[in-house]
Amino acid sequence: MIDFAALTSAFDILFGSWQPWLVVLPGLIIGLIFGAIPGLSIPVAMAVFLPLTVYLDFLPAVLFLTAIFTGGGFGSGIPAILMNIPGTASAVGTAFDGYPMSQQGKHSLALGIALTSSTVGCAVGYIILMLFVNSMADAVLKLGPTEMFLVAAWGLTLIAALGSNDFSKGLIAGLMGVLISAIGMSGTGEVRGTMGVIYLLDGVPAVPALIGLFAASELFRLIGHNYIVSDEEKRKISFRQILAGVRATFRYPGTLIRGSFIGVLIGAIPGVGASVANLISYSAAKRRSDHPDRFGKGEPGGVVAAESANSSSEGGSMATLLALGLPGGAATAVMLSAFEMHNITGGSRFMSENLDIVYSIILGNFAQVILLFVVGLGFVFVASSVVRVPLNYLIPTVFVLAIFGSFSLTGNMVGPITVFVFSLIGWLMRRYEYPVAAMVIGLLLGKMAEGELIRSYQISGGQISFLLQRPIALVILALLVLSIVLPIIKGHRKNRVARKAAL
Amino acid sequence: MGVLMNKASTKISSDWGHIGLLALFILGTLVFLYDTLSESFRLENVIVILPVSALVIVLCSVQVIRQVLRTKSQRGDALGPSLDHKKIEELAAEIAPKRWIESVRIPAFMVLLGLYILGLVYVAFDFSTFLFLFLALWLQGEKHLLFGAIYAAFLAWALTLGLSYMVPFPFPTLFF
């Protein structure tokens, strides 16, 4: 599993020079800032700073980019907790319970939990990467469109969990999201729902839509209030509470470890990544909890589940990048560009010939994780002062940041217009109690689910028996069915016991 | 009295705003479905869209029927069935200012946001941003408008400058 000679060599490479360490701290801070500003995603940060890596050696260049990746992974959870605005799609699950905690004046606690969960998740991700990098790569190669479709379908089942008050409203919102995601040119070349607008050929940009749905529905609702947290006493920023959050995380060991494992496994699948991992982990935590009714109302376990999964997915996506040379998402695609700029091609040959470098990257990331915890403590302390900013100023400022961020993502006015349109839809949905998160999930996973389903259909020729030849697909299908059926059985049993007790 | 209460509670009291949203969903789905089917009837084209659209239309229609047939008592359930008139009046007085904010400020803010997006296209990023920030502060009842103007100008300048360094594509500016 571990080549100890290469590991020793990795230690020599890392500790033989100060250069690799010099870039880690700036990388983390850049990642934290870009992740924390809605619309400025991690890939944007990495792309902006990519040219700088030309002047660095390969190892410092990769460590710099992974530091941005690591910092951004946690940073995106900060606005999700403080303002109900996920910095990126990977922090959608964090907002479900993080923001209700903030409204209850537990923002410092929630940030402490998020930071610790992220740190532990990221560390677990890299430990698994170090132990199983080769076997993970082999497993990824065995995944086809059928498995990918089932993973997307698994993520979509969270829609059911979100529409707990009125299931049909959750379903309507989720399915509308799936339809909106299908706008534009399909994988088979058909143009649908664009109404002749050429800007929609690439589809509705997911991140600006997400910002519009989440941010605006919340910001519009906040108009007329003075502060996010109405009680002045609860608005205080407490370092003690942040540390209490650190301790509180370890009261959910099962959720933490399960979330970390889900993150690595889902993160390793190209094209899926953290945006699905946090939802599946959240969904699993809610289903397994003894108090599922507390989720969505400020349950710390929800924050632990989402943050541990989105951070550990970094380790998974690095496995596919290093062992197969395949980028799992936009962030690893930028990293692949850095590989190319240094004339390095990821893959099995790179792994066998440069295992010491691979171990150096992994070990360097362990150090990053520790540093993230230290830097993160200071960063969340400063960031949590957002709750003390009067909403008169905060609301227009966040709107402007979101508009600028969406423009930087799309490169044209499609981003800002998308934010505006979805802000109105989000506000209306919230007004009539439709879960905006369900629409976001549909929007994020719909296109992927459709593409993979079509590919599966084409490969199988429409034969259901094809599924029997795919053992991994069968396992995922079994997990998917169990995750839907078990809570129903559990609820049924609970009701029966309650009825018996009443008699 | 009991009969009167009963009559009032069974009177139809539809939420037309909610029905409007559902109508928007149904209309959007029908237009999208029409556009998809006019493109092609190939299975690959409709494999997801057709079943999902059908489900959306059915679910929304059921919701519309529920909303149309909703009685006053169902509408009042949210407030609690056992509230007396005095308490209802007290509650109404309490939420009246919030209602005013919702009915005036929020739509005004939405219009302002829409005008801001138009301003980005037809005027300039820096000036539109300044104007949006300043007017948004005024709309929300900011008393220190001079400080607000300085804040709006500084933020508009800083963000426009930051964006110009960050993105490789051009965007219109008036001052910076």
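**Chain A against chain B: interface and salt bridges**

Between chain A and chain B, eleven residue pairs are in polar contact, both residues at pLDDT 80 or more; a polar contact is a pair of N or O atoms within 3.5 Å, where within protein one must be able to donate a hydrogen and the other to accept it, and residues adjacent in sequence count only if both atoms are side-chain atoms. The model is a predicted one, so local features need pLDDT of at least 70 and side-chain atom pairs count only at pLDDT 80 or more, while totals for chains, interfaces and linings use all residues. Residues are numbered from 1 along each chain as its sequence is written, chains are lettered from A and ligands numbered from 1 in the order in which they are written, and side-chain values use heavy atoms, with hydrogens and water left out.

On contacts (heavy atoms within 4.5 Å), 57 residues of chain A meet 62 residues of chain B. The buried area, meaning the accessible area (1.4 Å probe) that two parts lose on being put together, summed over both, is about 5400 Å², and carbon and sulfur atoms give 78% of that. On the chain A side, A:Leu179, A:Tyr393 and A:Phe404 lose the most area to chain B, together 14% of what that side buries.

Turning to charge, a salt bridge here is a side-chain nitrogen of Lys or Arg within 4 Å of a carboxyl oxygen of Asp or Glu. The rule yields five over all chains, and one of these spans the A–B interface. That bridge pairs B:Arg42 with A:Glu190 at 2.7 Å, N to O. It runs from the loop between α2 (16–39) and α3 (43–46) of chain B to the loop between β1 (184–185) and β2 of chain A; helices (H or I, at least four residues) and strands (E, at least two) are DSSP runs, numbered from the N terminus. B:Arg42 is partly exposed at 38% relative accessible area, whereas A:Glu190 is buried at 5%; buried means under 20%, exposed over 50%, partly exposed in between (1.4 Å probe, protein chains only). B:Arg42 also bridges to B:Glu44, with the closest N and O atoms 3.8 Å apart, and shared partners join A:Glu190, B:Arg42 and B:Glu44 into one network.

Within chain A, A:Arg192 and A:Glu450 form another salt bridge (2.9 Å, N to O). This pair ties strand β2 to helix α22 across 258 residues of sequence. A:Arg192 is buried at 1% relative accessibility, and A:Glu450 is buried at 5%.
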